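Reader: I'm new to looking at protein models. Could you walk me through how to read one, feature by feature?

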Amino acid sequence: MHISQLFGQGRTVFSCEVFPPKATSPVDTIYRTLDGLKDIRPDFISVTFGAGGSKVNQTTREIAGIIQNQYHITAMAHLTCVAAGRAEVDEILAQLKEDGVDNVLALRGDINPDIPPKTDFTHASDLVTYIRTHGDFGISAACYPEGHLESPDPVSDILHLKEKVDAGAQHLVSQLFFDNEDFFRFLERCRIAGITVPIEAGIMPVLSKSSIQRMVSLCGASMPRKLTRILARYGDHPEAMREAGIAYAIDQISDLIAGGVDGIHLYTMNNPDVARRIAESISSIRAV
Ligand code: FAD
């Protein structure tokens with residue numbers, strides 16, 4: 001099933017993201033995460049694609065296959081064209097097909113100054129075009145409610161996003177954000193620009209001060225006053241911070257659903273207990 005077909009069924013789509021275990025850990029450590037996620041029955045689970053060489057990327061394919069075939073949950077494999085040239089993309093697509101994985105999140109990837117990027121594709125839209133013409137895959141792509149960090153202005157970012165959708169992306173997943181107004185403004189700009197595909201809101205629960213500081217420095221998400229107050233008050237109290245972070249994520253999600261969002265994509269950070277708490281809290285809200 002292509003992920004775009006999950007939308008428009010009368011309830012908000014809910015999906016989760018996991019990442020492959022570190023190269024030094026056995027792939028089996030992912031089973032604990034997936035065992036925890038299977039009970040909350042996300043509509044699909046996506047698996048990130050590392051910048052760090054073939055072992056990590058082999059694991060992305062393996063985990064997507066496990067989700068699809070052992071857990072019987074629709075899987076989406078991330079794929080970046082800075083880390084994979086045409087030959088690797090061909091190999092990955094063939095293996096995904098063999099494993100019954102029909103969905104790919106086509107990305108450019110972050111350019112790591114220490115690893116020379118592959119050059120067969122320049123932008124994610126080039127990868128989208130290639131995948132569309134090389135097999136029957138559901139193709140998703142990334143979007144940025146506050147603009148991509150490299151983008152000179154929001155207008156060109158939206159126009160490039162439109163190119164990605166016109167190239168064949170059928171569904172978009174957003175970068176994490178903490179202020180829903182940023183997302184709603186972005187959604188409006190997309191719809192005005194003629195981007196009509198479903199757009200899922202990426203939500204990352206803030207579980208510790210250090211993790212959020214790292215994420216914000218990587219992706220440039222802005223922090224609303226409500227969140228900075230939480231960090232100031234609870235940041236040095238891990239248990240309280242975790243509770244406040246989960247409550248913040250649930251509040252953000254219920255407001256997004258009230259505003260008619262197509263779907264919620266939860267960055268689980270491989271923490272199934274937090275994902276379960278959030279999924280349980282929003283289960284009736286999603287169905288309205
Ligand atoms: P693009 O769509 O190519 O955009 C990158 C920049 O180029 C943007 O500024 C855009 O405006 C600009 N641009 C696009 N087209 C053109 C054009 N024709 N001319 C000029 N400029 C253009 N990274 C990983 O390494 N692994 C992952 O698994 C992963 N998963 C992610 C999942 C989600 C939901 C998101 C939001 C991000 C993810 N990333 C991942 C990070 C992502 O790879 C980076 O944000 C990367 O810098 C951009 O990737 P993109 O696919 O959005 O690129």
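Author: Let's begin with the ligand, and keep in mind that this is a predicted model. The general idea is to list the residues that surround the ligand and then look at the closest ones. Here 22 residues surround the ligand, and the closest are F49, D110, Y144, D157 and K164.

Reader: Which residues bring polar atoms up to the ligand, and how far away are they?

Author: Look for pairs of N or O atoms. D110 puts a polar side-chain atom 2.6 Å from an oxygen atom of the ligand. F49 does its part through the backbone: one of its polar backbone atoms is 2.7 Å from a ligand nitrogen. Then there's H123, with an N or O atom of its side chain 3.4 Å from a nitrogen atom of the ligand. As for cover, the ligand taken alone exposes 990 Å², and the protein buries 84% of that.

Reader: Which helix gives the most residues to the shell around the ligand?

Author: That's helix 5, with four residues. Helix 5 spans 154–167, and at least two shell residues also come from each of strand 3 (74–80), strand 4 (103–107) and strand 6 (171–176).

Reader: And how many of the shell residues are nonpolar, polar or charged?

Author: The shell has eight nonpolar, nine polar and five charged residues.

Reader: Okay, what about the inside of the protein? What should I look for there?

Author: Here's the general idea: in soluble globular proteins, nonpolar side chains tend to be buried together. In this model the largest nonpolar core has 68 residues, and those touching the most other members are L79, I131, L172 and I264. Helix 9, residues 238–258, gives the most to this core, with six residues. Apart from that core lies another, of 26 residues, among them L6, L105, V173 and M215.

Reader: What does L172 touch, leaving out residues up to four places away in sequence?

Author: Its contacts include A141, A142, C143, L161, V165, I195 and V197. P198, I199 and E200 are on the list for L172 too.

Reader: How do I tell whether a single residue, say I67, is buried or exposed?

Author: Check its relative accessible area; under 20% means buried. I67 has 1%, so I67 is buried. You'll find I67 in helix 2, residues 54–69. Leaving out residues up to four places away in sequence, I67 touches L34, I45, V47, H72, I73, T74 and A75.

Reader: T74 is in that list. Is T74 buried or exposed?

Author: T74 has 15% relative accessibility, so T74 counts as buried. T74 belongs to strand 3. Beyond four places in sequence, the contacts of T74 include M1, I3, D43, F44 and N103, as well as I67.

Reader: Which polar contact does the side chain of S46 make?

Author: The side chain of S46 pairs with the side chain of H78, at 2.9 Å. S46 is found in strand 2, residues 44–47, and S46 has a relative accessible area of 0%, so S46 is buried. Leaving aside neighbours within four places in sequence, S46 is also in contact with C16, E17, V18, M76 and H265.

Reader: Can you show me a residue that falls between buried and exposed?

Author: Sure. Try K209 in helix 7, residues 209–219. Its relative accessible area is 27%, so K209 is partly exposed. K209 is in contact with L231, G235, D236 and M241, leaving aside neighbours within four places in sequence. Sequence and space can be compared too: K209 and A232 are 23 residues apart in sequence and 9.0 Å apart in space, C-alpha to C-alpha.

Reader: One last feature: what is the phi of M269, and of N270?

Author: For backbone angles, look at the sign and at the residue type. M269 has a positive phi of about 50° although it is not a glycine. N270, also not a glycine, has a positive phi near 55°. M269 lies in the loop between strand 8 (263–267) and helix 10 (272–287), and N270 is found in the loop between strand 8 and helix 10. As for cover, M269 has 39% relative accessible area, so M269 is partly exposed, whereas N270 has 14%, so N270 counts as buried.

Definitions and conventions. Residues numbered from 1 in each chain as written. Predicted model: local features only at pLDDT ≥ 70, side-chain atom pairs only at ≥ 80, totals over all residues. Heavy atoms only, no water. Near = heavy atom within 4 Å. Polar contact = N/O pair within 3.5 Å; in protein donor to acceptor, adjacent residues only side chain to side chain. Areas by Shrake-Rupley, 256 points an atom, 1.4 Å probe, with all protein chains shown as cover. Nonpolar A, V, L, I, M, F, W, Y, C, P; charged D, E, K, R; others polar. Core = buried A, V, L, I, M, F, W, Y, C linked by side-chain atoms within 4.5 Å. Buried < 20%, exposed > 50% of the residue type's maximum accessible area, 1.4 Å probe, protein only. Contact = heavy atoms within 4.5 Å.
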